[in-house]
Amino acid sequence: MKFYFYPRNGKKRRMKMAEVREHLSEKQIAEAKTAKMEDPYEEVSYMADGGFIVCEF
């Protein structure tokens, strides 16, 4: 499971899990993983300060 940060201005970058945990709760991370396993084509994203976080395989 990979998490990427898409800023409003600039290009996407991969986030380390420690960084993801600063922005998302353990429950949100678990829900993202479950959603992607059930449907790999579903877009799972969360709003964050300055952009948004996307979960991908």
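Methionine 15 is buried, with a relative accessible area of 6%. This is a predicted model, so please keep that in mind for every value I quote. Methionine 15 belongs to strand E2, which runs over 13-15. If we leave aside neighbours within four places in sequence, methionine 15 is in contact with Phe3, Tyr4, Phe5, Val20, His23 and Ile53. From methionine 15 to valine 54 there are 39 residues along the chain, and their C-alpha atoms are separated by 9.8 Å.

Methionine 15 also brings us to the core. The largest nonpolar core has 13 residues, and those that touch the most other members are Phe3, Met15, Val20, Leu24, Ala32, Val44 and Ile53. Which elements give two or more residues to this core? They are strand E1, helix H2 at 26-38, strand E3 at 44-48 and strand E4 at 51-56. Take alanine 32 from that list of core residues. Apart from neighbours within four places in sequence, alanine 32 has contacts with Phe3, Val44, Tyr46 and Cys55.

Next, tyrosine 4, which we met as a contact of methionine 15. Tyrosine 4 sits in strand E1. Buried or exposed? Tyrosine 4 counts as buried, because its relative accessibility is 13% and the cut-off for buried is under 20%. Not counting residues up to four places away in sequence, tyrosine 4 touches Lys12, Arg13, Arg14, Met15, Phe52, Ile53, Val54 and Glu56. Tyrosine 4 and phenylalanine 52 are 48 residues apart in sequence, yet C-alpha to C-alpha they are 8.3 Å apart in space.

Now the charged side chains. In general, side chains of opposite charge can pair when their charged atoms come close. How many salt bridges does the structure hold? There are 2.

One of them joins arginine 13 and glutamate 19, at 2.8 Å from N to O. Arginine 13 is partly exposed at 38% relative accessibility, and glutamate 19 is partly exposed at 22%.

Another joins glutamate 26 and arginine 21, where the closest N and O atoms are 2.8 Å apart. Here glutamate 26 has a relative accessible area of 49% and is partly exposed, while arginine 21, at 45%, is partly exposed.

Lysine 36 is a case without a partner. Lysine 36 is placed in helix H2, and the side chain is buried yet has no salt bridge. What is the nearest side chain of opposite charge? That is glutamate 56, 7.0 Å away. A salt bridge needs a nitrogen within 4 Å of a carboxyl oxygen, so the 7.0 Å between lysine 36 and glutamate 56 does not qualify. As for surroundings, lysine 36 touches Met1, Glu42, Val44, Cys55, Glu56 and Phe57, again not counting residues up to four places away in sequence.

Two of those contacts, Met1 and Phe57, come up again at the surface. Together with Met37, Met1 and Phe57 make a nonpolar surface patch of about 340 Å². Methionine 1 is in the segment before strand E1, which spans 2-7. With 33% relative accessibility, methionine 1 counts as partly exposed.

From methionine 1, follow the chain to serine 25. These two are 24 residues apart along the chain, and their C-alpha atoms are separated by 16 Å. Serine 25 is in the loop between helix H1, at 17-23, and helix H2. At 35% relative accessibility, serine 25 counts as partly exposed.

Last, arginine 8. Where does arginine 8 lie? Arginine 8 is in the loop between strands E1 and E2. A relative accessible area of 65% makes arginine 8 exposed, since exposed starts at over 50%. Outside the neighbours within four places in sequence, arginine 8 is in contact with Gly50 and Gly51. Glutamate 19, the salt-bridge partner of arginine 13, is 11 residues from arginine 8 in sequence and 18 Å from arginine 8 in space, C-alpha to C-alpha.

To recap: methionine 15 is buried and is among the core residues that touch the most other members. Lysine 36 is buried and has no salt bridge. Arginine 8 is exposed.

Methods
Residues are numbered from 1 along each chain as its sequence is written. This is a predicted model: local features need pLDDT of at least 70, side-chain atom pairs count only at pLDDT 80 or more; totals for chains, interfaces and linings use all residues. Side-chain values use heavy atoms; hydrogens and water are left out. Patches are made of residues with over 30% relative accessible area and no salt bridge: like charges are joined within 9 Å, nonpolar side chains (Val, Leu, Ile, Met, Phe, Trp, Tyr) within 5 Å. Accessible areas come from the Shrake-Rupley method with a 1.4 Å probe; for residues, only the protein chains shown count as cover. Helices (H or I, at least four residues) and strands (E, at least two) are DSSP runs, numbered from the N terminus. Buried means under 20% relative accessible area, exposed over 50%, partly exposed in between (1.4 Å probe, protein chains only). A nonpolar core is a set of buried Ala, Val, Leu, Ile, Met, Phe, Trp, Tyr and Cys residues joined through side-chain atoms within 4.5 Å. Contact means heavy atoms within 4.5 Å. Lys and Arg count as positive and Asp and Glu as negative; His and the chain ends are not counted.
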